[in-house]
Amino acid sequence: TISSIPASLSWIKHRSKPLYWCYCEGRPPSAGKREIIMEKQAIRQLLLRAERARKALLQPYFVSLGITLGQGHAKILNNLLDKDHITQRELADICHMDTAAISRSIDKLEEAGFLVREREPGCRRSFFICLTEKGVRQAKKVRQGFDYVDTWLTEGLSAEELTAFCGLLEKVCRTMEEHRLPAPDTPESPPSAGGHTHSPLP
């Protein structure tokens with residue numbers, strides 16, 4: 001029953017009716033299939049919880065630096081600290097940002113004096129993105145914040161656990177990157193464990 005779910009998954013109890021009734025055409029599957037469905041939901045919720053916790057740690061630190069979290073400014077500075085004099089396209093790939101978003105962020109950072117665009121020799125349309133001295137100082141402060149959070153993120157994990165965890169996350173990322181959600185009015189339902197058809201997720 002839903003009351004037997006561990007406290008760590010108490011978020012499931014907030015639903016008006018058992019999760020498996022919501023997603024399995026109104027009929028409860030076997031216990032094994034029920035657990036698989038709940039575990040899939042738990043993965044999504046735990047990833048969201050981890051991201052919220054990470055942002056909660058970084059937000060006040062970045063605010064003190066005058067950086068707005070969520071616009072890509074911090075990761076742009078952090079990545080340019082490792083390697084600058086790169087094209088906007090290269091920087092977008094490193095930061096996992098689309099072209100429009102990174103262009104806006106670069107404009108803001110350039111206005112703040114943290115970076116400059118230098119014309120690529122022999123190419124009138126291409127520019128290199130480079131940190132200014134002010135940008136290097138700011139990027140080092142950003143890196144310090146990320147380093148603290150990275151340390152806390154892996155606290156309590158053994159080397160073996162960390163390796164296994166990274167391997168699993170890599171698999172999840174590859175799978176997510178290979179798929180696209182169908183249009184909202186598409187009649188098809190996503191595949192489920194054990195052959196049941198789930199209704200679309202909220």
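A residue counts as buried when its relative accessible area is under 20%, and in this predicted model 27% of the 202 residues of the protein meet that criterion. The accessible surface of the protein comes to about 13800 Å², and 57% of that area belongs to carbon and sulfur atoms.

The protein is built from 7 helices and 3 strands, which follow one another from the N terminus in the order α-α-α-β-α-α-β-β-α-α. When contacts between residues at least 6 apart in sequence are considered, 51% of them join residues at least 24 apart.

One such link between distant parts of the chain can be followed through the aromatic side chains, where the count comes to 3 aromatic pairs. In one of these, the ring centres of Phe62 and Phe146 lie 5.5 Å apart with their planes at 75°, and because an angle over 60 degrees counts as edge-to-face, the pair is assigned to that class. The two partners are 84 residues apart, with Phe62 in helix H2 (residues 31-64) and Phe146 in helix H6 (residues 133-153), so that the pair links distant parts of the chain.

Are these two rings buried or exposed? Phe62 has a relative accessible area of 0% and is therefore buried, while Phe146, at 15% relative accessibility, also counts as buried because the value falls under the 20% cut-off. Together with Tyr61, Phe62 and Phe146 form one aromatic cluster.

A further aromatic ring, that of Phe114, has a charged neighbour: Lys134 lies over the face of Phe114, at 5.1 Å from the ring centre.

How values were computed. Residues numbered from 1 in each chain as written. Predicted model: local features only at pLDDT ≥ 70, side-chain atom pairs only at ≥ 80, totals over all residues. Heavy atoms only, no water. Helix = DSSP H or I, 4+ residues; strand = E, 2+ residues; numbered from the N terminus. Buried < 20%, exposed > 50% of the residue type's maximum accessible area, 1.4 Å probe, protein only. Contact = heavy atoms within 4.5 Å. Areas by Shrake-Rupley, 256 points an atom, 1.4 Å probe, with all protein chains shown as cover. Phe/Tyr/Trp six-rings, centres within 6.5 Å; stacked < 30°, edge-to-face > 60°. Lys NZ or Arg CZ within 6 Å of the ring centre and 35° of its normal.
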